[in-house]
Amino acid sequence: MGIFSKRNVSNLGEKKKDMPEGLWIKCPSCGESLYEVALAKNMKVCTHCDHHFTLTSAERIASLVDEGSFQEMDANLDSVDALGFKDYLGKVKAYQAKTGLTEAVVTGRAKMDGIPVVLAIMDFRFLGASMGSVVGEKITRAIEAATADGCAVIIFSASGGARMHEGILSLMQMAKTCGALARHGEAKLPYISVLTHPTTGGVTASFATVGDIILAEPKCMIGFAGPRVVKETTHSDLPPGFQTAEFMLEHGLVDMIVPREKMRETLVRLLGYVSVGNGESASIGASETARAA
């Protein structure tokens with residue numbers, strides 16, 4: 001009978017188009033599906049669990065500085081393959097094409113609520129923001145520019161550590177950046193370090209953890225080596241969450257944990273505490289400043 005005849009798929013009308021890609025993203029912490037446009041408007045912070053997604057350097061800068069005030073420095077510094085590491089320059093060129101960056105850190109002068117600062121923003125998309133010679137050089141030049149300008153330097157760290165492709169040359173950047181920060185401190189000028197997810201390896205062991213004031217985003221990973229390596233080295237059980245910002249705050253490495261939506265206003269407040277109009281450092285200790293904020 002006709003009413004029981006098999007229906008043809010072609011008679012069901014126009015096929016429903018697949019959902020376009022890139023509209024939704026799953027939160028790695030709570031598993032909720034998030035609309036990317038809404039997530040971007042919320043500074044890439046999950047509205048369900050406050051998970052802080054990674055920001056690009058451009059997104060970070062836009063969230064912090066006065067509009068139109070950022071002036072990039074040393075944008076054309078490029079890596080060379082001093083050690084002849086296999087296909088290193090090929091990897092660098094691939095990441096340059098993928099990210100639109102020349103290297104894993106963006107530096108420049110800017111103003112925050114009218115206060116002049118020098119910023120260095122690491123971008124984890126570029127080879128895990130590993131610190132090679134160019135990253136170390138750009139950060140060192142940024143610190144020296146802040147010293148010459150008589151203003152604060154703020155560094156946002158997010159890194160897998162030293163760049164293995166450059167061997168000892170990468171490790172040398174730890175001493176170079178810290179040397180520049182020492183001279184900056186001798187000039188009685190403030191350095192604010194902001195740790196974001198993840199901050200590890202040689203970056204943690206150098207400039208990231210020597211700030212006059214150290215801030216961190218919630219729940220970000222902070223450490224030198226991975227948990228397995230630490231456990232094998234210390235031959236002891238590790239406390240839960242020992243590489244989180246919250247653990248570091250409890251044990252004194254971090255002065256404040258600052259949600260992303262509060263980061264700009266917190267930095268502006270801190271800059272007001274530690275700086276005066278002529279660029280000289282105010283006479284207030286870092287820990288006292290952090291408590292006041």
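## Strand S7 and its neighbours

Which residue in S8 is the bridge partner of Ser-193? That would be Ile-214. Keep in mind that what you're looking at is a predicted model.

Ser-193 and Ile-214 are a good way into the pairing of S7 with strand S8 (residues 213-216), which runs in the parallel sense over four bridges. S7 also pairs with strand S6 (residues 152-159), again in the parallel sense, this time over six bridges. Here you can look for Phe-156, whose bridge partner in S7 is Val-194. S6 and S7 also belong to a right-handed β-α-β unit, together with helix H5 (residues 167-186).

So how much of S7 is buried? Eight of the nine residues in this strand (residues 191-199) are, so S7 is largely enclosed by the rest of the structure.

## Two aromatic pairs

Search the whole structure for aromatic pairs and you get two. One is Trp-24 with Tyr-35: the ring centres sit 5.4 Å apart and the planes meet at 45°, so this pair counts as tilted. It links distant parts of the chain, with Trp-24 in strand S1 (residues 24-26) and Tyr-35 in strand S2 (residues 33-35), 11 residues apart. Both partners are partly exposed: Trp-24 has a relative accessibility of 46%, and Tyr-35 comes in at 37%.

Tyr-95 and Phe-126 make up another tilted pair, with 5.9 Å from centre to centre and 45° between the planes. Tyr-95 belongs to helix H3 (residues 88-99), while Phe-126 is in the loop between strand S5 (115-122) and helix H4 (133-149), so the pair ties together parts that lie 31 residues apart in sequence. Are these two residues buried or exposed? Phe-126 is buried, at a relative accessible area of 0%. Tyr-95, at 26% relative accessibility, counts as partly exposed, because buried means under 20%.

## Helix H9

Helix H9 (residues 260-274) is a handy one for checking helix length. At 1.5 Å a residue, its 15 residues should span 21 Å, and the C-alpha atoms at its ends are 21 Å apart, which agrees.

Which residues of H9 are buried? They are Arg-260, Met-263, Thr-266, Leu-267, Val-268, Leu-270, Leu-271 and Val-274. When you read that list, it helps to remember how helices turn. An α-helix has 3.6 residues a turn, so residues three or four places apart point the same way.

Definitions and conventions
Residues numbered from 1 in each chain as written. Predicted model: local features only at pLDDT ≥ 70, side-chain atom pairs only at ≥ 80, totals over all residues. Heavy atoms only, no water. Buried < 20%, exposed > 50% of the residue type's maximum accessible area, 1.4 Å probe, protein only. Helix = DSSP H or I, 4+ residues; strand = E, 2+ residues; numbered from the N terminus. Pairing = 2+ DSSP bridges. Right-handed = clockwise from strand over helix to strand, strands pointing away. Phe/Tyr/Trp six-rings, centres within 6.5 Å; stacked < 30°, edge-to-face > 60°. Expected span 1.5 Å × (residues − 1).
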